[in-house]
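Got the model open? Let's go through a few questions about how it is put together.

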Amino acid sequence: MSEQERELGVVRIWQEDAVHLGVVWTDGKQSSFDTRLLRQLCPCAVCEADRQAGRFVVGDDVVPLRVQSVGNYAMKIVFSDGHDTGIFEYAWLHERG
Amino acid sequence: MAADRRQKAEAEVLEALSVVVDPDLHQDIVSLGFVQNLAIEGDQVAFDLQLTTPACPVRDHLREQCEQAVLSLDWAHGVKVTLTSQVRGGRGGGTDALSQVAHLVAVASAKGGVGKSTTTVQLAYALAATGAKVGILDADIQGPSVHHMTSAEGPVPSGEGMMDPAEHHGVKIVSMGFFVPALRPALLRGPRLTAIIQQFLTEFRWGELDYLLVDFPPGTGDIQMALAQMTSLTGAVLVTTPQEVALLDVRRAVSMFKMLKVPVLGVVENMSGFVCPDCGSQHALFGEGGGAALAEAAGVPLLGSVPIDPTVRQAMDEGQPLLLGPHRDSPMAQAYGAAAAALASAISVQQANQGPALKSFDFTWKEMGA
């Protein structure tokens with residue numbers, strides 16, 4: 001295990017203001033995510049299909065209700081429009097944060 | 001003045017002990033915080049050595065080294081080391097029912113028939129025999145076997161509220177086998193399976209456990225995904241046999257755990273040889289070195305190679321913890337015992353390397369002015 005590089009993880013996560021989510025990663029990087037943008041980029045299959053069909057519409061007043069870890073590799077955000085199937089992988093977030 | 005002297009003596013003892021290094025964690029026992037409750041009376045020194053697992057394979061070796069280190073001080077003429085253990089870990093993560101579980105460990109194989117459930121059960125008993133608090137979650141909903149292999153009495157479903165797991169030789173057990181009649185197949189589709197796993201994780205009083213071993217169903221499907229998403233697994237043990245085809249399957253399991261960011265802690269190879277009941281010699285029925293080759297290919301340690309012995313196997317299938325029964329000195333029992341100790345070490349090392357990452361989080365968003 002020792003030669004294996006440490007997996008990317010979350011050291012600290014918190015709500016910064018009305019819309020921003022702050023994350024400190026295990027490699028020391030700090031990110032600030034606009035949750036409205038995260039909703040727009042939702043990677044779930046339904047949103048993906050809607051985007052491809054050109055019918056993806058999300059209001060810009062959508063806010064998170066709850067933020068939860070998913071296993072060791074991702075987080076899930078429950079949004080105020082009832083959408084909660086998007087699983088945001090740490091690697092994906094870390095790259096964009 | 002007396003206080004000064006005591007402080008000086010304590011500092012000397014700690015300095016002497018700082019030459020003792022934990023061979024797994026590669027760090028000295030003082031800076032690891034293992035030395036606790038240090039008490040010095042005249043020329044007598046006493047302290048607790050708090051290890052990261054009661055299953056520590058080098059505990060006696062460490063104790064001897066500590067004794068020697070302290071007695072090397074010219075004023076110390078007696079030393080008493082008490083071995084204790086505190087399994088360090090976060091929480092099972094995800095659910096409240098798992099909040100006091102230090103380590104959730106998947107026991108998995110990519111295909112059936114390699115002795116995965118047997119391995120889960122024997123590893124659990126072997127860990128429990130060292131004094132650890134252990135549970136088994138049989139996640140093979142459609143083909144449960146742990147209930148049978150342990151001859152445990154099932155919990156009585158109360159219909160509402162939390163349930164207690166069954167308990168057998170001190171090991172807590174939850175298996176679908178307790179709830180469906182043996183001959184009725186569990187015909188269930190994906191969403192129902194996921195819901196049952198969720199119930200196992202949230203509606204049983206697992207209580208305080210050092211290790212909860214999760215017997216994964218074979219393959220890479222709904223249940224495996226659900227477990228990896230609903231919990232924070234410390235790591236996975238892969239079970240295989242020496243045959244090449246089994247190795248191919250395990251490689252698939254390795255990549256699944258990699259994608260889910262669950263560290264593979266090591267490999268246990270079953271049927272690594274056949275112990276002849278007549279002459280006692282071992283024969284490599286399925287070839288040799290498969291487990292070692294797999295471990296090397298996956299870059300993970302081989303935790304153990306377990307031979308098969310027909311007489312012992314029968315006792316095991318009847319639910320006997322090998323290390324607690326008449327077969328405790330058999331090659332099989334010894335091999336499972338060694339594999340359990342190696343697993344406990346691998347978990348301690350994994351824990352030390354993991355750093356400050358959160359195991360899980362869950363918070364509600366508050367309304368705030370932008």
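Q: Which residue in β2(A) is the bridge partner of Trp14(A)?

A: Keep in mind that this is a predicted model. β1 of chain A covers residues 10-15 and β2 of chain A covers residues 20-25, and the two pair in the antiparallel sense over five bridges. In β2(A), Trp14(A) has as its bridge partner Gly22(A).

Q: And which residue in β3(A) is the bridge partner of Gly22(A)?

A: β2(A) also pairs with β3 of chain A, residues 30-34, again antiparallel and over five bridges. Gly22(A) is the residue that partners Trp14(A). On the β3(A) side, the bridge partner of Gly22(A) is Ser32(A).

Q: Which residue in the turn between β2(A) and β3(A) has a positive phi?

A: β1(A) and β2(A) make a hairpin with four residues between them. β2(A) and β3(A) make a hairpin too, with four residues in between. In the turn of that β2(A)-β3(A) hairpin, a positive phi of about 95° belongs to Gly28(A).

Q: How many of the six residues of β2(A) are buried?

A: For chain A as a whole, buried residues are 46% of the 97. β2(A) itself is mostly covered, and its buried count is five of six.

Q: In what order do the elements of chain A run from the N terminus?

A: Chain A has three helices and six strands to place. The paired β1(A) and β2(A) and then β3(A), which pairs with β2(A), are the strands we've walked through so far. From the N terminus on, the full order is β-β-β-α-α-β-β-β-α.

Q: How far apart are the mean positions of the positive and negative charges of chain A?

A: For scale, the C-alpha trace of chain A spans about 45 × 30 × 20 Å along its principal axes. There are 10 positive and 15 negative charges to average, and their mean positions are separated by 3 Å.

Q: Over in chain B, which residues does Phe257(B) touch, leaving out those up to four places away in sequence?

A: The largest nonpolar core has 47 residues, and Phe257(B) is among those touching the most other members, along with Leu137(B), Trp206(B), Leu227(B) and Leu238(B). Elements of chain B that each supply at least two residues of this core include β6 (101-108), β11 (235-240) and α7 (244-259). With residues up to four places away not counted, Phe257(B) touches Ala106(B), Ala108(B), Phe216(B), Ala236(B), Leu238(B), Val262(B) and Val264(B).

Q: How many residues are in the second, separate core?

A: Ala102(B), Val105(B), Ala333(B) and Tyr336(B) are included in this second core. Its residue count is 43.

Methods. Residues are numbered from 1 along each chain as its sequence is written. Chains are lettered from A and ligands numbered from 1 in the order in which they are written. This is a predicted model: local features need pLDDT of at least 70, side-chain atom pairs count only at pLDDT 80 or more; totals for chains, interfaces and linings use all residues. Side-chain values use heavy atoms; hydrogens and water are left out. A nonpolar core is a set of buried Ala, Val, Leu, Ile, Met, Phe, Trp, Tyr and Cys residues joined through side-chain atoms within 4.5 Å. Buried means under 20% relative accessible area, exposed over 50%, partly exposed in between (1.4 Å probe, protein chains only). Contact means heavy atoms within 4.5 Å. Two strands pair if DSSP finds at least two bridges between them. Lys and Arg count as positive and Asp and Glu as negative; His and the chain ends are not counted. The place of a charge is taken as NZ of Lys, CZ of Arg, CG of Asp or CD of Glu.
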